[in-house]
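Hi,

Here is the structure I promised to pass on. Have a look at it first, and then read my notes below.

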Amino acid sequence: MVKFSCEKIDLVFAEIAKTAALYIPSNDKNNKAVFTKWQKGTKLCDSHNTQIGPKDLFFPQTEDLMAFKASNKKIEIIDTRKESEDFVIFGVRACDVKSLEILDRVFLSEPRDSYYAMRREHGIIISLACTRPSEACFCTTFGIAPSEPGADISVWKINNEFFWQANTKRGEELLLKIEHFTTPAEPSEVEGEKQRISVLMKRLPLANLSTNGFGKGKTNELFEREEWAKLSEACLGCGTCTFVCPTCQCYDIKDFNTGNGVIRYRCWDSCMYSDFTKMAHGNNRNTRKERFRQRFMHKLVYFPENNNGLFGCVGCGRCISKCPVSMNIVKVMKKLGGNV
Amino acid sequence: MQKISRDKLIKKASNLLNSGIVRCVLGWKRGEFDYDITPNVFTTEKELIDDFVWNDFCGANLSKYLVSKTQGVDGKILVFLKPCDTYSFNQLLTEHRFDRERAYVIAVPCEGMADINKIKQITNEGISSIEFNEDTLSISTLYNEEPIKIAYDRVLSERCLNCKSKKHVVYDELLGDDGEILESNRFDEVEKIEKMSSEERFEFWQGELSRCIRCNACRDVCPACTCEKCVFDNPESGVENKASANSFEEKLFHIIRAYHVAGRCTDCGECSRVCPQNIPLHLLNRKFIKDINEFYGEFQAGEKIGMRSPLIDYTTDDIEPNEAVNRRDS
Ligand code: SF4
Ligand code: SF4
Ligand code: SF4
Ligand code: SF4
């Protein structure tokens, strides 16, 4: 473990940015935190978490997969992939670190998604322990500890100092690069802060939310529950909750006609949309209720069913603060799981 | 703070429910915190007493829900409408989206709604409770010993700061006193944008619209967007797209949407309220409203049921189509 004083952070960022693209949470002109590509003058903000997680850097909202060009009755297939460059993301919260594990289960299991895999291989993640969780945070429900954020390097900000702990070989290599800005530190120096965060988490309004009643084997019990009708009543069927969610992973593949060829691209899709997974025979979920149920059943039942009990939600609270009608996974869990 | 009390609304609704005049009540339901309110259909007095809310966060415009909630069931639905919501209600009726007889409108006077984003800019995250006082909100957080007192005006939402009317244009019953149509400054921002050079203006909109994540919340919440199948959801339409492949498509969606609601948008402000990316969509709509006012005389969509918008009505006095270009170039 190493430490350095907060004033040096811009120097450290500059050093990292010499060899890799660096993304840090910075305020946009509306004062909202977004992962921003660092350049001289980009300021780290002290916001609690970014508007949208780091998902986009690994699984972009739209990306070209390949292109086709037709000439003289021949079709040429063009590989549009760009060599992925190395990049570093700083300031990823524990929930978002965990969200990548969930995405990995989807994209890195066979058949492996080479687009995602390439970015995962090239990306180094530096996490950041939470100092000031929001009222909407409930990561602890899923066993996530914001005091131990993990990833390649764990970072704690305590008073006027940063503490960086490498957890992987890549993390260690990166610490070597910034060696001349840091001094050695003892793990015991962050113990107090870890304690403080753990105590804080217990005081959050959603601290007692439990996953009881959800998970593997609950499909039959939950699928036909009559509460779904009421829960989905106000839902607009927009894609906000899916698009701000760091773990939502569905996409659509489309062709864009360029005039003399086609660009095949993929883009995020939402199970809340009426044309989601539309097939020749039509849709398999025709009502708002069925689509609404799908999103929550996927996170709380189907995903754990297929992934050894791992839930598909990390409790980041984004859907809570962004849903236009304030309907969200917590309200669903309280209603169906019967917990307070 | 709202002047009419929650109790008064509950009492009114309970009486109408219990006497069988209405079948159910479309209102606002409390959430996990003091500000996350969900539109809800209440069917019993007990549900109302347990969960109904009327406070500074009841921004959601309930009128559009009448389109779906009046379908397939009989009886009247009681709906609570704020002044701006009544314009949407009329506009929906003008477009024959539901049957007037199926709604029992209770007009609720409104002091303006608070914007939780503005509050969080001041208090930061970690709000544990909100107390509503006459001219202030008292916000307790997990991180401050003392509640933070904020003057109500500082956190009023943009649309309420520029409220066009405190008058309800339709109702079956009015609670309290009705207000007036107001002289608002709602076109000031539009004027600023009009004064920009075309490059500046392009840059301004590029900056705003490039943040769009195509979640469609602005469309889905909009009371003027009630097509049963939107072109953007229809794979056969040729413009369907779930994400913006490039900056042209980004703007295309918003331009098509703005044109489609032109002359029908009542400026209820819901699009900007719900946008997760804080894009000032109301400015696009207000540009159209301002132009319509200037070209065809003052027109407020939803003011009366059955009014024809100047854009679908022809008179021999109509200005020439190139007038907009002439004005821009002069
Ligand atoms: S739950 Fe909320 S955010 Fe999600 S689709 Fe429904 S209205 Fe939109
Ligand atoms: S479902 Fe909501 S709380 Fe859970 S990970 Fe997604 S956005 Fe976060
Ligand atoms: S959900 Fe947990 S890890 Fe995520 S930002 Fe909140 S406190 Fe931190
Ligand atoms: S609500 Fe905002 S982010 Fe969503 S589609 Fe509309 S403008 Fe884009």
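**What I found**

Let me start with A:V330, which sits in helix α12 of chain A. Keep in mind that this is a predicted model. A:V330 has a relative accessible area of 0%, so it counts as buried. Setting aside residues up to four places away in sequence, A:V330 is in contact with A:F138, A:L206, A:L209, A:I320 and B:E32. One of those partners, A:L209, is 121 residues away along the sequence, yet the two C-alpha atoms are 7.8 Å apart in space. Another one, B:E32, belongs to chain B, which brings me to the interface.

**Between the chains**

The size of an interface is often given as the accessible area lost when the parts come together. For chain A and chain B that comes to about 4,100 Å², with 49% of it on carbon and sulfur atoms. On the residue side, 52 residues of chain A and 46 residues of chain B take part in the contact.

How many salt bridges run between chain A and chain B? The count is four. A:K331 and B:D36 form a salt bridge through their side chains, with N and O 3.5 Å apart. Polar contacts across the interface come to 30 residue pairs, both residues being at pLDDT 80 or more. Which elements of chain A give two or more residues to the side that touches chain B? They are α6 (191-203), α9 (240-244), β11 (251-257), β12 (261-268), α11 (318-322) and α12 (329-337). By residue class, that side of chain A splits into 23 nonpolar, 13 polar and 16 charged.

A:V330 is in helix α12 of chain A, and A:T211 touches that stretch as well, with A:M333 among its contacts. A:T211 itself is in the loop between α6 and α7 (219-223) of chain A. Is A:T211 buried or exposed? Its relative accessibility is 19%, and the cut-off for buried is under 20%, so A:T211 counts as buried. Besides A:M333, and leaving out neighbours within four places in sequence, A:T211 is in contact with A:T141, A:F142 and A:F311.

**Ligands**

Two ligand sites in chain A are worth opening in your viewer. Around ligand 2 you will find A:F138, A:C245, A:P246, A:R295, A:K299, A:C313, A:V314, A:G315, A:C316, A:G317 and A:C319. A:F138 is also one of the contacts of A:V330. The shell of ligand 2 breaks down into seven nonpolar, two polar and two charged residues.

Ligand 3 has 13 residues around it, and the closest are A:H48, A:C95, A:C130, A:C137 and A:C139. Here the split is nine nonpolar, three polar and one charged. One thing to remember when you read both splits: Cys is counted as nonpolar, so the cysteines of these shells go into that class.

**Salt bridges and a buried arginine in chain B**

Over all chains, the search of the whole structure turns up 52 salt bridges. One of them pairs B:E173 with B:K12, at 2.6 Å from N to O. It ties together distant parts of the chain: B:E173 is in strand β8 (residues 173-174) and B:K12 in helix α1 (residues 6-18), 161 residues apart. B:K12 has 22% relative accessibility, so it counts as partly exposed.

B:E125 and B:K120 make another salt bridge, with their closest N and O atoms 3.1 Å apart. B:E125 is partly exposed at 21%, whereas B:K120 is buried at 15%. In the pair of B:E208 and B:R211 the closest N and O atoms are 2.9 Å apart. B:E208 is buried at 3% relative accessibility, and B:R211 is buried at 16%. Elsewhere, shared partners link B:E194, B:K287, B:K290, B:D291, B:E294, B:E323 and B:R327 into one salt-bridge network.

Last, there is B:R186, in the loop between β8 and α7 (188-195) of chain B. With a relative accessible area of 9%, B:R186 is buried. What does the side chain of B:R186 make a polar contact with? The partner is the side chain of B:Q300, at 3.2 Å. Not counting residues up to four places away in sequence, B:R186 touches B:N162, B:K164, B:D267, B:R286, B:I289 and B:Q300.

Cheers

How values were computed:
Residues are numbered from 1 along each chain as its sequence is written. Chains are lettered from A and ligands numbered from 1 in the order in which they are written. This is a predicted model: local features need pLDDT of at least 70, side-chain atom pairs count only at pLDDT 80 or more; totals for chains, interfaces and linings use all residues. Side-chain values use heavy atoms; hydrogens and water are left out. A residue is near a molecule or strand if one of its heavy atoms lies within 4 Å of it. Contact means heavy atoms within 4.5 Å. Buried area is the accessible area (1.4 Å probe) that two parts lose on being put together, summed over both. A polar contact is a pair of N or O atoms within 3.5 Å; within protein, one must be able to donate a hydrogen and the other to accept it, and residues adjacent in sequence count only if both atoms are side-chain atoms. Helices (H or I, at least four residues) and strands (E, at least two) are DSSP runs, numbered from the N terminus. Buried means under 20% relative accessible area, exposed over 50%, partly exposed in between (1.4 Å probe, protein chains only).
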